[in-house]
Structures are given as structure tokens and as C-alpha cells.
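Here is a quick tour of one model, with a look at how its helices pack, which charges pair up and where the backbone does something unusual. Have the structure open while you read.

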Amino acid sequence: MWNSMFRRYLAVAAISILPAAAVAEFARETRGIAWLTLAAAVPGLVGGVLLARSLDERLRQTAAFAGRILSPTRSSETLPAGDDDIGRLSSTLNAIAPRIDDLVERLTSELARREAMLATMVEGVVAIDSKLKITFCNEAFAHAVGQRQVSVGLPLIQVVREPALFGTLEEVVVSQVTIRRRIRMSVGGRSFEVCASPLKGEAAPGAMAILHDVTPAEELDRLRRDFVANVSHEFRTPLAAVRGYAETLLDGGLEDVENRYKFVETILANAVRLNNIAADLLTLSELEDGRPQAEAGPIDVADVVSAAIRAVEPAARLCGVDILSDEVPPVWVRGHRLRFEQAIVNLLDNAVKFNKPGGQVRIEVGAASGDLLQIQIADTGIGIPAHDLTRVFERFYRVDKARSRQVDGTGLGLSIVKHAIQQMGGSVTAESRLGAGSTFRIVVPAVRMCARVS
Ligand code: ADP
């Protein structure tokens, strides 16, 4: 640095000395006096040195200013302007600096906005460079690959253990062609629709991938398929019976005086069963529709309980089962009266159907915690095995299919109860001891408690 400065001083001094040298030459030529040469050279030398130092200082300031233009801590300083080249350069830099500030600010906030958008996306997003190192990923991606957090710069192989996903990204980096495929993670079992594309515009192009979780959609698809299979299976048995007995009647059964009534009765029983299944399916589809019920209003619980008991009493008498109920407190709940009544009837009906002769069913209504009301239906029946207890609310789930059919069950009763009570903002639970009996509990928000006018 000192060398270059020294050379610059010499150059300036030499330029300043030139007129002095000419005078000296003249003096020498004219055999003039030596001091004339000196007198002419000294001011030039001093002026040259001062000029060079000032130029150097201004250039240094300009260079420092240019170096600070991108610094986030730069103050609003400006360079002194001037008429010479350095002055003009300073004016240009003064004008450019705020525009660069503005540009940097806009780019920074745009970058922050995009990062925030990517970070909050429900889809997993990952970007990698050509060396398969992670340059960006959001939280959803980390969760999708079973990690809590992923640091930028990590090799993809360390983060993604799923060979299909790793292979897809690697393939895109090599081929630079977009790939879409559905990948099921071997750990966790979730399925993702993956769209991996090349990240062009870089010297060594990488890739990025978006992972869309399709597990809920796949689950829904599976449920729908199961449901269709179950429905057709449920319809097939009674339909086969109807068809079989009708054919028997046509093939001479009509003349069989001893059995023809039995054949017709079986046809009727199966037609009733088909009708029950269709009615339950319709109710269930209305309940699952999720639309707010137009007829929802306050329901007098005591009214509903006594109507439900009246509905199952004939069947209970036939089975030799007693239905016991304490006086129901004056309480109202909000919902669709017919659906609520159907839920209580279904629970009482099961408590009777899956009971033993001489058994009991007890219905109790009382306050649960807060503003919640509890309706409990307990029986002394056959009970439910522990491993079936969590599944009895599923559509068409029956512990003992043969017994359920025998007692006219459709396997949809408890699903209807669950949906009807959920629509009222409540819940239903079950507990049971095999051979000793079961207890079903409904908990629903009570509208108000007040004395009933008799
Ligand atoms: P179903 O029409 O067969 O009664 P539900 O959905 O009402 O269908 O009940 C599902 C199954 O749960 C029944 O088939 C039965 O196996 C069992 N279950 C329900 N309630 C009781 C109960 N109170 N006691 C014993 N088993 C019951």
C-alpha cells in the first residue's frame, strides 16, 4: 500500500515538476542561476503532494462509502459532491445508495413473506442443492419424514429415511424432470402425493418437492368401499331368502298347504328386515350429513324417556325383562326430538334384546358435571367382550352376527345413537362385563332445569 501511495506521490510531483524542469532547462541553457530552478520546483512539489493526498483521501472515502452501501447499519451519510470526476462519481453513488436501500428492504421483506408462507403451509416443502443437501424445508416436511426439526445444510440422506422419497428427489436432481408420485411412508404409514421439480436458474441445479398428505382422503375412500361392501352384504342375505322362498312357492310350494304360510311369513320377515336396514341407513345418512337440523328445539327429557319405555315395553314383556325407571327430574335438552327419542329407544331395545329372561334394565337421569345431563341405561344382560366394546358404535359392527339377526338387529342402532347424540353436542360411552351386563351413558348439555307443571 505504501509503495503504491509513494508511486502516486512521485507521479504527481513529476507532473508538477515538469514546468519547473522547463524553466531549469531554460536557465541552464541560458546558463541561468541555480536558485531559479529550485524556486520554481519547490511550490510545484508541495502543491503536487497536497493535491495527491487530497485525491487519495477522497478516493478512500468514496471506496469506503461504496463498501458500506449494502451494510444494514449504514447511516444516511452522503459523499461530498464536486465538479471533477470523483465529485461526479460521489453524486452518482449518493443517488444510487437510497435506491439500493429500498431494493434491499423490499427483497428482504419479500423473502421473509415467502418464507413465512412456506413455513405455515400444510404441505411439506423441501429444497435441496445439487449435492443433495437441504437448503430449505418447513415444519410440515419435518413431520412428514418423522423428524421434529431439520437444520438447513444437512444431507438429505440423513433426514429422509424413506427410500422412495429420497430416490424421487435424487432422480429429479439427475434428470431435471418433474416427477409426481404417491408415496406411502413405511414409518407412520401416512401417504403423500409428492410433486418434485428441478430448481432451475442455478449453476448446479437442485430440486424441490411438495408433499401433500392424502392419508385422510385414502381413509375416506377405504371407509366408503367398506360401507358399500357391508351394505350389499347386509342386503344380500334377506334378498336371497325372499327370492328363494318366492321361487319355492312358484315351483309348487303354493300347493303345499302345510308349509306355504311359513314360506310367506319368511318372505315377509325378510322384507321387514330389508325395510329396517334401508330406514336405518337413511337415518344414518341424514345424521352424517352434518346439516343443522331445522326441527331442533327444546326437548322435555321426561317425555322422551317415558315414550321410549312405552315403545320397548311389549318386547321386554315378551323376553321377560323388567324396565325400571326412577322419576326423571324436570330437565330440557336441545335437539331433534324424534332423533333423541330414537337414540334412547335403540339403547333400551339393545338392553332388552341382549338380556336374559328375568333380567333387568334400569334407566336413570341425573345431573353430570356443570350444565351436563347424564342418561344412563344399565342392563343385566349378556355383556360385551372388552375387545368389542370400542367397536360397537361402528356401522354394521356386531359382536355376535347370528344373535343380532335373530333379534332383528341391523348393526346400525348404536351408530345412529352416536351420531344423534353428537349432533346435540353430547357423547355416548359404554362399559360392560361379559355375562354380567352393560351400561351405556349419554351426556348432553342441559338447556335449563325447572319445576315441571304436572
Ligand atoms: P344391532 O342392530 O345388532 O343391535 P347395534 O349397533 O345396536 O346393532 O349394536 C351393535 C352390537 O353391539 C350388537 O349387535 C351387539 O352385539 C352389541 N350390543 C349392543 N348393545 C348391547 C347390550 N346392551 N348388551 C350386549 N351387547 C350389546
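A salt bridge here is a side-chain nitrogen of Lys or Arg within 4 Å of a carboxyl oxygen of Asp or Glu. Keep in mind that this is a predicted model.

**Charged pairs**

Side chains of opposite charge can pair when their charged atoms come close. Searching the whole structure turns up 23 salt bridges. Three of them are set out below.

| Salt bridge | N to O distance |
|---|---|
| Glu171 and Arg181 | 3.5 Å |
| Arg190 and Asp213 | 2.8 Å |
| Arg337 and Glu341 | 3.0 Å |

Let's begin with Glu171 and Arg181, whose side chains meet in a salt bridge at 3.5 Å. Glu171 belongs to helix H6 (residues 163–175) and Arg181 to strand E3 (residues 179–184), so this pair ties together parts that are ten residues apart in sequence. As for solvent, Glu171 is partly exposed, at 37% relative accessibility, and Arg181 is partly exposed too, at 30%.

Next up is the bridge between Arg190 and Asp213, with the closest N and O atoms 2.8 Å apart. Which parts does this pair tie together? Arg190 sits in the loop between E3 and strand E4 (191–199), while Asp213 is in strand E5 (residues 206–213), so the link joins parts that are 23 residues apart in sequence. Arg190 is partly exposed, with a relative accessible area of 38%. Its partner Asp213 counts as partly exposed at 29% relative accessibility.

The Arg337 and Glu341 bridge, at 3.0 Å from N to O, stays inside one element. Both residues lie in helix H10 (residues 337–353), and being four residues apart there, they are separated by about one helical turn. Are the two ends of this bridge buried or exposed? Arg337 counts as partly exposed at 33% relative accessibility, whereas Glu341 counts as buried at 18%. Elsewhere, salt bridges with shared partners join Glu110, Arg113 and Arg114 into one network.

While we're in H10, have a look at Lys353, which is also in that helix. At 15% relative accessibility, Lys353 counts as buried. Setting aside neighbours within four places in sequence, Lys353 is in contact with Arg403, Val407 and Gly409.

**Helices side by side**

Two packed helices are described by the angle between their axes and the distance between the axes. H8 is the one to follow here, as it appears in both of the packings below.

Take H7 with H8 first. Helix H7 (residues 215–250) packs on H8 at an angle of about 160°, and the axes are 9 Å apart. That angle makes H7 roughly antiparallel to H8. The crossing of H7 past H8 is left-handed. Plenty of side chains take part: among those from H7 are Phe227, Val231, Phe235, Pro238, Leu239, Val242 and Tyr245, and the H8 side includes Phe263, Val264, Ile267, Ala271, Leu274, Ile277 and Leu281. Sorted by class, this contact of H7 with H8 has 18 nonpolar, three polar and three charged residues.

Now for H8 with H13. How does helix H8 (residues 260–288) pack against helix H13 (residues 413–423)? The angle is about 30° and the axes lie 10 Å apart. That makes H8 roughly parallel to H13. This crossing of H8 and H13 is left-handed. H8 brings Asp280, Thr283, Leu284, Glu286, Leu287 and Glu288 to the contact, and H13 answers with Ser415, Ile416, His419, Ala420 and Gln423. By class, the contact of H8 with H13 has four nonpolar, four polar and three charged residues.

**Two backbone oddities**

Most residues other than glycine have a negative phi, and most peptide bonds are trans. Against that background, Leu132 stands out with a positive phi of about 60° although it is not a glycine. Where does Leu132 lie? Look in the loop between strand E1 (124–128) and strand E2 (134–137). Leu132 is buried, with a relative accessible area of 17%.

Gln176 is another case: its phi is near 55°, a positive value in a residue other than glycine. You'll find Gln176 in the loop between H6 and E3. Those two elements should ring a bell, since Glu171 of H6 and Arg181 of E3 are the partners that tie these parts together.

Note on methods:
Residues numbered from 1 in each chain as written. Predicted model: local features only at pLDDT ≥ 70, side-chain atom pairs only at ≥ 80, totals over all residues. Heavy atoms only, no water. Axes fitted to C-alpha atoms, helices over the stretch in contact; angles between N-to-C directions. Parallel < 35°, antiparallel > 145°, perpendicular 65-115°, else oblique. Left-handed = near helix turned anticlockwise from the far one by under 90°. Contact = heavy atoms within 4.5 Å. Nonpolar A, V, L, I, M, F, W, Y, C, P; charged D, E, K, R; others polar. Buried < 20%, exposed > 50% of the residue type's maximum accessible area, 1.4 Å probe, protein only.
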